[in-house]
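Here is a short briefing on one protein chain. Please look over the sequence and the structure first.

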Amino acid sequence: MGAETEYAIRFEAPVTTPHPGNEELFERIASAAGDLVHTRLAEAQVSTRFFTENGGTFMFEHVLPDQEGGLFEAGTPECRGPAQVLLYQRAQDQLLANAVRLAEERLRNEGVEARLGLLKNCRDAQGNVYGAQESYEVFVARGPRLWLWRLALLSAAPLALGAAAITLTMLVTTLLLVVVVLFVATIVAALAGRDEPDVDEIPSRVASVMQDFVILLFQPSFVITSSAASLLAYRPYQRRAMGFFVSRCIVSGAGTRKPDGRWALSEKMADLRRVMRLTIGRHDRGLFETGHLVKPLQWLALLRWRSFADAFAKRQRLQIGMSDANRCDVAEYLKLGTTALVLDMVEAGVLRDAPRPRDPVAAARAISDDATLQVRVPLRGGGEASALELQRTYLERAQTWIEEVAAPVEAHQLVKLWSQTLDALESDPSRLFGQLDWITKQTLVERAGPLDHGAQKKIDLRYHELGEAGYFTWLDGAELVTRLVEPEDIREAIRTPPVDSPARQRGRIVKALSQSGQSARIGWKRVHLGRGLQGRIIRLDEHRRNPRNPNSHK
């Protein structure tokens, strides 16, 4: 299991201080993080992705359309259970809060009076959607569906290689043409008596056209893979857990005030378009992401055969796109824990007759849009159900199942917390202040009095900010929120990778290489030390063969 978060970057300064751009701000925060813990670029000199000594990662994500856009993306190391993911998510939040504070101090030492911030949310004031995702290792398919999936990957491979060849040819040709144009422009400028040619916009325009053309070239291979994923991948989880996924925002939602004054449970769900994402378009959003299934084609285009071969494994990440960025421990723990438990029940075959919404997309959006929890959604085969009824169905199945299989203590504690939370939602939701984000944030906004939408949105955003400026941090300092993770455990997790995980060996390698100039390519599944064929490849899955041996990673 693991979690990924895209943090919005905030920069406040006097009007006379120009915005340096989010990429530069990322570099400052990344540099500060590198002074707090050991870090290493995933690929020396050619990457914006860093891995940290606890096995986690952070990078700059170009996603927003404006010129200063871009997000600070970070991911936890691979974990073995929901409590562990919660711990490393909080360690990630704390590390970044500390790095922001250090980067801000350095700006002031340079004479720049500005405030930096990272917002752990999913929707900004302009309506741009980004934020949190979750990953769970499951079966991508079994039996004939698995082989059909592999066949689809093979059929898309020649198209991806062809697109890569055309891209390389076009890139070389374009670079030559740009050089010729710049040379001619320089001569013309000299003859006209100008010092420099007026060609400032040529490189950016060429780059923009190239980017659009490359996406178009790769689109056929992406469409084949995405369509195959929609038809073949994760089918049991889609069918038997869909009632759970469309309704879980009553627990996991971060909440957002809509422009019309109404309250929504999830920041993302209004933008849901389909169950499985089909394209790489920014506005094509699904409950389940497929980008990680398409990405192996990019590795193939770069001739990284091992990375492409990984896509043929029967177990892959199920990536939940419609996730909310939680500040409350209880909400985050329930989100992760109940999802993992339901996926386990799907694989155990105990949810074959679970309720299925007739239209999952419409159901998810309707449930998120109703903070009263009264809306009822149509089910396949007839009948209707509310979000609470859907959640209780899965809860009751879980209560029975964990007794039958002698589940670990954590599963019993999780189910008890799940039951208590649903009871409170039904009887008195205000009891969940400090436990569920949407209730906590809604209470803050409503108690602020009659404000216009802009003022309410400021409260909304400041709730999510990491560090001392964030409203959630204020609530935490006043002991008004329920904490499930101890501060000393968080401090240790910032520097220590989880045991029995690929992150353990990756973290050790990052620590060893952090001050080294040795060439290395660090990834989620392997590390390539050295260059080319002379290098050494270290696989990061030894924990699977001998997870209890403390020497298995040496």
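The points below cover strands, helices, salt bridges and the surface.

The model is predicted. A search of the whole structure finds 36 salt bridges. Two of the pairs described here link parts of the chain that are 455 residues and 428 residues apart. Strand E1 pairs with both E7 and E6.

**Strands around E1**

- Strand E1 spans residues 2–12.
- E1 and E7 run antiparallel and are joined by 4 bridges. Within this pairing, glycine 2 has serine 135 of E7 as its bridge partner.
- E1 and E6 also run antiparallel, with 5 bridges between them. Here glutamate 12 stands opposite arginine 115 of E6.
- E7 has a further pairing with strand E12 (residues 315–320), antiparallel and over 6 bridges. Glutamate 134 has isoleucine 320 of E12 as its bridge partner.
- Strand E7 covers residues 132–139, and 7 of its 8 residues are buried, so the rest of the structure largely encloses it.
- Strand E6 (residues 115–119) is mostly covered as well, with 4 of 5 residues buried.

**The sheet E15-E16-E17**

- This is an open sheet of 3 strands with antiparallel pairing, in the order E15-E16-E17.
- Strand E15 (520–522) and strand E17 (536–539) are the edge strands; each has a single partner strand, so one side of each has no neighbour in the sheet.
- Neighbouring strands of this sheet are turned against each other by 10° on average, direction ignored.
- E15 and strand E16 (residues 526–529) run antiparallel and are joined by 3 bridges. Alanine 520 stands opposite leucine 529 in E16.

**Helix H10**

- H10 comprises residues 329–348, 20 residues in total.
- From first C-alpha to last, H10 reaches 28 Å, close to the 28 Å expected at 1.5 Å a residue.
- Is H10 largely enclosed by the rest of the structure or left open? It is largely enclosed, because 17 of its 20 residues are buried.
- Glycine 349 follows H10 and has a positive phi, near 80°.

**Salt bridges across the sequence**

- Arginine 10 forms a salt bridge with glutamate 465; their closest N and O atoms are 2.4 Å apart.
- This pair links distant parts of the chain: arginine 10 is in strand E1, while glutamate 465 is in the loop between helix H15 (453–463) and helix H16 (471–477). Both arginine 10 and glutamate 465 are buried.
- Arginine 506 forms a salt bridge with glutamate 78, with 2.7 Å between the closest N and O atoms.
- Arginine 506 lies in helix H18 (residues 502–513) and glutamate 78 in the loop between strand E5 (71–75) and helix H2 (82–109), so this bridge ties together parts that are 428 residues apart in sequence.
- Arginine 506 is buried at a relative accessible area of 0%. Glutamate 78 has 19% and is buried too, because the cut-off is under 20%.

**Other salt bridges**

- Arginine 108 and glutamate 113 meet through their side chains in a salt bridge, at 3.9 Å from N to O.
- Arginine 108 has 37% relative accessibility, so it counts as partly exposed.
- One network joins Arg90, Asp93, Lys120, Asp329, Glu332, Lys335, Asp476 and Arg483 through salt bridges that share partners.

**The loop between E5 and H2**

- Threonine 76 sits in the loop between E5 and H2. The loop between strand E5 and helix H2 also holds glutamate 78.
- Threonine 76 counts as buried, at 4% relative accessibility.
- Its C-alpha atom is separated by 9.7 Å from that of proline 497, although threonine 76 and proline 497 are 421 residues apart along the chain.

**Nonpolar surface**

- Leu168, Leu171, Val172, Leu175 and Leu176 make a nonpolar surface patch of about 470 Å².
- One of these residues, leucine 175, is found in helix H3 (residues 144–191).
- In an α-helix, residues three or four places apart point the same way, because there are 3.6 residues a turn.
- Leucine 175 has 51% relative accessibility, so it counts as exposed; the cut-off is over 50%.

Note on methods:
Residues numbered from 1 in each chain as written. Predicted model: local features only at pLDDT ≥ 70, side-chain atom pairs only at ≥ 80, totals over all residues. Heavy atoms only, no water. Expected span 1.5 Å × (residues − 1). Buried < 20%, exposed > 50% of the residue type's maximum accessible area, 1.4 Å probe, protein only. Patch = residues over 30% accessible without salt bridge, like charges linked within 9 Å, V, L, I, M, F, W, Y side chains within 5 Å. Areas by Shrake-Rupley, 256 points an atom, 1.4 Å probe, with all protein chains shown as cover. Salt bridge = Lys/Arg side-chain N within 4 Å of Asp/Glu carboxyl O. Pairing = 2+ DSSP bridges. Axes fitted to C-alpha atoms, helices over the stretch in contact; angles between N-to-C directions.
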